[in-house]
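Hi,

Here is the structure I said I would pass on. Have a look at it first, and my notes follow below.

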Amino acid sequence: MLAVINGLVTGLAMLTFAGIVWWAWSARRAEANRQAAQLPFALPEEYQNDKNAGDPHE
């Protein structure tokens with residue numbers, strides 16, 4: 001009986017994982033994925049203001 005429960009839980013976990021992957025790569029998420037990919041390159045506004053003011057140590 002425990003083996004059947006183990007199998008069912010494993011199957012449910014695999015289906016859940018496949019659903020998350022399907023959702024993450026769906027066409028409706030393409031724009032959000034593109035924006036999220038650019039986040040590491042976005043500079044905070046205060047850093048840009050400091051750069052424009054001119055740092056004498058540069």
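How many helices and strands does the secondary structure of the protein chain come to? The count is three helices and zero strands, and reading from the N terminus the order is α-α-α. Bear in mind that this is a predicted model.

On confidence, the protein chain has a mean pLDDT of 87, with 79% of its residues at 70 or more. Element by element, α1 has the highest mean pLDDT, at 98, while helix α3 (residues 45-53) has the lowest, at 64. Where pLDDT is low, the predicted coordinates should not be read in detail. So please keep that in mind for helix α3, given its mean of 64.

Next, the surface. Of the 58 residues in the protein chain, just 2% count as buried. The accessible surface of the chain adds up to about 5600 Å², and carbon and sulfur atoms account for 67% of that.

There is also a nonpolar patch on the surface, made of M1, L2, I5 and V9. Together these residues offer about 480 Å² of accessible area. One of them, I5, sits in helix α1 (residues 2-24). I5 is partly exposed, with a relative accessible area of 42%, and that clears the cut-off for patch members, which is over 30%.

Now for the charged side chains. Which two residues meet in a salt bridge? They are E31 and R34, with an N to O distance of 2.7 Å; the structure holds one salt bridge, so this is the one to look at. The cut-off is 4 Å, and the 2.7 Å of this pair is within it. Why can these two side chains reach each other? E31 and R34 are three residues apart in helix α2 (residues 30-38), so about one helical turn separates them. Side chains of opposite charge can pair when their charged atoms come close. Both partners are partly exposed: E31 has a relative accessible area of 40%, and R34 has 46%.

That's what I have for now. Shout if anything is unclear.

Cheers

Technical notes: Residues numbered from 1 in each chain as written. Predicted model: local features only at pLDDT ≥ 70, side-chain atom pairs only at ≥ 80, totals over all residues. Heavy atoms only, no water. Helix = DSSP H or I, 4+ residues; strand = E, 2+ residues; numbered from the N terminus. Buried < 20%, exposed > 50% of the residue type's maximum accessible area, 1.4 Å probe, protein only. Areas by Shrake-Rupley, 256 points an atom, 1.4 Å probe, with all protein chains shown as cover. Patch = residues over 30% accessible without salt bridge, like charges linked within 9 Å, V, L, I, M, F, W, Y side chains within 5 Å. pLDDT = per-residue confidence, 0-100.
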